[in-house]
2 protein chains.
Amino acid sequence: MKTPEKMLELHNLKKTGHRLMILTILKESDRFLSADDLYMKMKEEDENISLSTVYRILETFVLKSIVSAVNVEFSKKVLYELAHEAHGHRLICTNCHKVVYVEDCPVHNFEDAISEEYDFDIKRHKLDFYGLCSECKAELSS
Amino acid sequence: MKTPEKMLELHNLKKTGHRLMILTILKESDRFLSADDLYMKMKEEDENISLSTVYRILETFVLKSIVSAVNVEFSKKVLYELAHEAHGHRLICTNCHKVVYVEDCPVHNFEDAISEEYDFDIKRHKLDFYGLCSECKAELSS
DNA sequence: ATGCAAATGCAAATGGTTCGCATTTGTGTT
DNA sequence: AACACAAATGCGAACCATTTGCATTTGCAT
């Protein structure tokens, strides 16, 4: 995976400490983060940033497709993750909120079939799986 | 499909004009509606209701699984539809927002396979298709 | 017809996100 | 290395969808 620096260069974005830090945090996170999650993590590391800057940086990243904005069932906030290069789908743990990305897709054939059947020109789909990851499964059954 | 009256009876909910009207509007709609959409439609029909009541009625209906709350890519509001009895997935027109519900599911096998592979206990999934319905496809290509 | 829990209206509060504007900073150019 | 200027940032206020508190009304079992 690209380094945060490379990501910014690639999109002609200025390399600011804030932007690099946000990319680094997202890169190291195994779950989605809200703007406020990022803001608080940065405060913890003594990065002086304002919440509106976090929002603006994320807006820029989403526009450039460096970051994806995600809606999940368990939160009404918009959550963010580093964008994935390959098409795939997510396994989301409803207990700890960990996310695993699976680069595989079971719906393309179905998509063709229903495009035909319903005369719909399907452009994309959104498929997420919700359940318990192995740790939470073990923990909750004990 | 059940009548609005039956739906309320079935769940021991008082039959108020507001509730019946909301169910009727949702029943007749071929797309998702926001609380505010419902509020405005009711005002148009001279139903005197307050927006907070619309929210409270919807909250009750969602709790009873009479109505589903839906998040879609093109709106940050929560949208509502009558709940479907059978499992299926939606084709959502990104242009006119019409929704077609397809009572078929292409992912169960895949779900079993990845449950195994990632040791995830998958409880449910969310799959929506976005594209153009036949009318919009025709209209936009002309 | 009566009583009471549930439903409603209204206004205020909330929470996430966006915006306006003054100030600072990164970076290409001299 | 200093300059210039567009872009990035901080701060607070604004915004919008949704929720809540509380006083009043209403459906419905008795």
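In the predicted model, helix α4(A) is followed by A:Ser65, a residue with a positive phi near 65 degrees. The helix itself comprises residues 51-63 of chain A. With 13 residues, α4(A) reaches 18 Å from its first C-alpha to its last, close to the 18 Å expected at 1.5 Å a residue. Four of its residues, A:Val54, A:Ile57, A:Leu58 and A:Phe61, are buried. These residues cover an arc of only 100 degrees around the axis and therefore lie on the same side of α4(A). The arrangement follows a general rule: an α-helix has 3.6 residues a turn, so residues three or four places apart point the same way. The face turned away from the buried side carries A:Arg56, A:Glu59 and A:Leu63, which are exposed.

The surroundings of α4(A) comprise both helices and strands. Its buried residues pack against the helices α1 (4-10), α2 (17-28) and α3 (35-44) of chain A, and also against β2 and β3 of that chain. The helix lies across β2 and β3 of chain A and runs at about 105 degrees to β2(A). These two strands belong to an open sheet of 3 strands in chain A, ordered β1-β3-β2 with antiparallel pairing. The edge positions are taken by β1 (33-34) and β2 (67-70) of chain A, each of which pairs on one side only. Between β2(A) and β3 (residues 79-82) of chain A, the antiparallel pairing extends over 4 bridges; A:Val67 has A:Leu82 in β3(A) as its bridge partner.

At the level of the whole chain, chain A contains 6 helices and 6 strands, which follow one another from the N terminus as α-α-β-α-α-β-β-β-β-α-β-α. The C-alpha trace of chain A spans about 55 × 45 × 25 Å along its principal axes. Of the 142 residues in chain A, 42% are buried. Among contacts in chain A with a separation of 6 or more, 46% are accounted for by residues 24 or more positions apart.

A further antiparallel pair in chain A is formed by strand β4 (residues 89-93) and strand β5 (residues 99-102), again described by 4 bridges. Within this pair, A:Arg90 stands opposite A:Tyr101 in β5(A). The hairpin has 5 residues between the strands, and A:His97 in this hairpin takes a positive phi near 70 degrees.

The pair is part of a sheet that draws on both chains. This open sheet of 6 strands has the order β5(A)-β4(A)-β6(A)-β6(B)-β4(B)-β5(B) and mixed pairing. At its edges stand β5 of chain A and β5 (99-102) of chain B, each with a single partner strand, so one side of each is left without a neighbour in the sheet. On average, neighbouring strands of this sheet are turned by 20 degrees against each other, direction ignored. The two chains are joined within the sheet by β6 (residues 121-132) of chain A and β6 (residues 121-132) of chain B, which pair in the antiparallel sense over 11 bridges. One of the bridge partners in β6(B) is B:His125, which is matched with A:Phe129. Helix α6 (residues 134-141) of chain A lies across β4 and β6 of chain A together with β6 of chain B, at about 35 degrees to β6(A). Helix α6 (residues 134-141) of chain B also packs on the sheet, where it touches β6 of chain A together with β4 (89-93) and β6 of chain B; its direction makes about 35 degrees with that of β6(B).

Superposition of chain B on chain A is achieved by a rotation of 180 degrees with 0.0 Å of shift along its axis, at an RMSD of 0.1 Å. The two copies are thus related as by a two-fold rotation axis. Among the residues of chain B, B:Leu127 comes closest to this axis, its C-alpha lying at 2.1 Å. Of the interface residues of chain B, 100% are also interface residues in chain A, so the copies meet through the same surface.

Two loop residues of chain B also have positive phi values. B:Asn12, which is not a glycine, has a phi of about 55 degrees and is found in the loop between α1 (4-10) and α2 (17-28) of chain B. This residue is exposed, with a relative accessible area of 72%. B:Asp46, likewise not a glycine, has a positive phi of about 60 degrees and lies in the loop between α3 (35-44) and α4 (51-63) of chain B. At 70% relative accessibility, B:Asp46 counts as exposed.

Conventions
Residues are numbered from 1 along each chain as its sequence is written. Chains are lettered from A and ligands numbered from 1 in the order in which they are written. This is a predicted model: local features need pLDDT of at least 70, side-chain atom pairs count only at pLDDT 80 or more; totals for chains, interfaces and linings use all residues. Side-chain values use heavy atoms; hydrogens and water are left out. Two strands pair if DSSP finds at least two bridges between them. Contact means heavy atoms within 4.5 Å. Axes are lines fitted to C-alpha atoms, for helices over the stretch in contact, and angles run from 0 to 180 degrees between N-to-C directions. The expected span of a helix is 1.5 Å times one less than its number of residues. Buried means under 20% relative accessible area, exposed over 50%, partly exposed in between (1.4 Å probe, protein chains only). The arc is that of the directions from the helix axis to the C-beta atoms. Copies are superposed by least squares on the C-alpha atoms of residues with pLDDT of at least 70 in both.
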